[in-house]
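Student: I should like to learn how to read a protein model. May we take one helix as a starting point and then turn to the whole chain?

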Amino acid sequence: KMFLPQVIKSARVMKKAVAHLIPFMEAEKEAAEGPCSEQQFAGTVVIATVKGDVHDIGKNIVAVVLGCNNYRVIDLGVMTPCQTILDKAKEVNADIIGLSGLITPSLDEMIFVAREMEQQGMKIPLLIGGATTSKLHTAVKVAPNYSAPCVHVLDASRSVVVVSNLIENQEEYAREIAEEYEEIRGEYYQGLATRKYVSLEKARLARMDVEWAAEGAIAAAPKKLGITVLRDFDLKILLPYIDWSPFFAVWQLRGKYPNRGYPKIFKDKTVGAEARKTFDEAQQMLAEVIEKKLITAHGVVGLFPAHSQGDDIVVEAVDGSGPVSTFYGLRQQSEKESLKPYLCLSDFVAPKLAGVQDHVGAFAVSCGFGVSDLAKKYEEEGDDYSAIMLKAIADRLAEAFAEYLHKEVRTNYWGYAPEEHLSEEDLLKIKYDGIRPAPGYPTQPDHAEKTTLWSLLDVESNTGIQLSESLAMMPAASVSGVYFGNPSAQYFAVGKIQKDQVEDYAARRGIAVEQAEAQLRSILAYDM
């Protein structure tokens, strides 16, 4: 019956009190009955963010909530290899293993962990959680690889119920979950069989048709071509561009219509008061972060001549010496009842034969430098609330940096909308020309496109932002993407694709079909 921020704060008080009392308690127990027994806990849970992924806010919240309910939680941190997780679970005789991840490659890693657990004959229940996970994916892709219970957990508030059921009532609960997931799989495969797709050839014939020679079809030539580096960026500039609505989702504070988003959430009868209190505490930490320069922001942006070539975008050197990079596109293939086009990002860039010079841009920004060390300090002090708050604020600042920089690109660097004067609300509603899709998201679901972006902008040298082996950005509070300035550009979802496109995509990228399938597993319209 407590709100999540209250739970985390309670844990902070509890941890500090326990830290003070533990030496006395252990000495007393040892004198009376020998070393402390693990039976004082309701159960032992090993949790980790899987290999290649650095996102851990949700996982950390789950750890605190379970700890408050007398579960022994062993948190292995981020980017944790499979065998490390399994070895620790065996070592501590864990009752539950929990896996977390944000980026889509983490879904494959979770499948791999489930297979390894099965191969090693483990029977420990497996929990799956994280922003890109779902009950559907867990039921269809993860659970079939593991004969013991495998359960998706939507958020921290559900974790205690799931864990307690798996420990105290495992047989009956596992049977219910298995029946539910079997039903979900049946519906999924039935739906898959009824979905219709067009061939890649047909989809290309029905691409978006743009009259490139028409006035206003392409954005004006950039005022500043090439790369611009933004080091030690002033966080105060970003404050008006912060979208606070996702901040409340982190704390699981959800207002009911019409009071769902910021600032309307403060009017909600149920969560309004707690939302206001949490927001005010965020403002206090944000002010301290800026005043004391506790975290640092770096960014890089580049604008280049470019042209489309089929489903791809060829980026050219600023000095006209030829191509320097290629962004590979994916085209919609789900059959459409209307005459709407089958979209691909390359549709928004003029081909060479159009006789006009088009351009694209790219960027990478981070407000995460210093966050990990400071959050670790808070955690060592037993202050999980401040650690989670800091990471939530850093995420908001990074998104604000991306929003601010996109506005600067439109009005200054590229300058195709010099007279733009939009309110913060209109910015968040995307009431401007141009888009900034990110690799790994619906418009271009392949995270491998980040490597192209990193090479084009020399991101690591210019900003310090790195890519993990699964292509997660490090620090976690980072954002990257590609700029399209033409009025025809729009966000869309590629959706599921067929094997003919996967084969074509692999050939264009110069990789094996199996590698392409692994990179695009989440959008394949067929089973591998």
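Tutor: Let us begin with helix H3, residues 82-91, in this predicted model. Its buried residues are Cys82, Ile85, Leu86 and Ala89.

Student: Where do the buried residues of H3 fall when seen down the axis of the helix?

Tutor: Viewed along the axis of H3, they fall within an arc of 90°, so they line one face of the helix. The general idea is that an α-helix has 3.6 residues a turn, so residues three or four places apart point the same way.

Student: Which elements do the buried residues of H3 pack against?

Tutor: They pack against strand S1 (43-49), strand S3 (96-100) and helix H4 (105-119).

Student: What is the sign of phi at asparagine 93, which follows H3?

Tutor: The phi of asparagine 93 is positive, near 55°. Methionine 79, in the loop between strand S2 (71-75) and H3, also has a positive phi, about 50°, although it is not a glycine.

Student: Is methionine 79 buried, partly exposed or exposed?

Tutor: Its relative accessible area is 33%. Buried means under 20% and exposed means over 50%, so methionine 79 is partly exposed. Aspartate 232, by contrast, counts as exposed, at 57% relative accessibility. Aspartate 232 lies in the loop between strand S6 (226-230) and H9, and its phi is positive, about 50°, although it is not a glycine.

Student: Which peptide bonds should I examine for the cis form?

Tutor: One is the bond from tyrosine 257 to proline 258, with omega near 10°. Proline 258 is found in the loop between helix H9 (245-250) and helix H10 (272-291). Another cis bond joins methionine 474 and proline 475, where omega is about 5°. Proline 475 belongs to the loop between strand S12 (473-474) and strand S13 (478-483).

Student: How many helices and strands does the protein chain have?

Tutor: The chain has 17 helices and 13 strands. Of its 528 residues, 53% are buried.

Student: What does the radius of gyration say about the chain?

Tutor: The idea is to compare the chain with a compact globule of 528 residues, for which the radius would be near 24 Å; the chain has 25 Å, which agrees. Its C-alpha atoms fill a box of roughly 90 × 55 × 45 Å along the principal axes.

Student: What share of the contacts joins residues 24 or more positions apart?

Tutor: Among contacts with a separation of 6 or more, such residues account for 75%.

Technical notes
Residues numbered from 1 in each chain as written. Predicted model: local features only at pLDDT ≥ 70, side-chain atom pairs only at ≥ 80, totals over all residues. Heavy atoms only, no water. Buried < 20%, exposed > 50% of the residue type's maximum accessible area, 1.4 Å probe, protein only. Helix = DSSP H or I, 4+ residues; strand = E, 2+ residues; numbered from the N terminus. Arc of directions from axis to C-beta. Contact = heavy atoms within 4.5 Å. Rg over C-alpha atoms; globule rule 2.2 N^0.38 Å.
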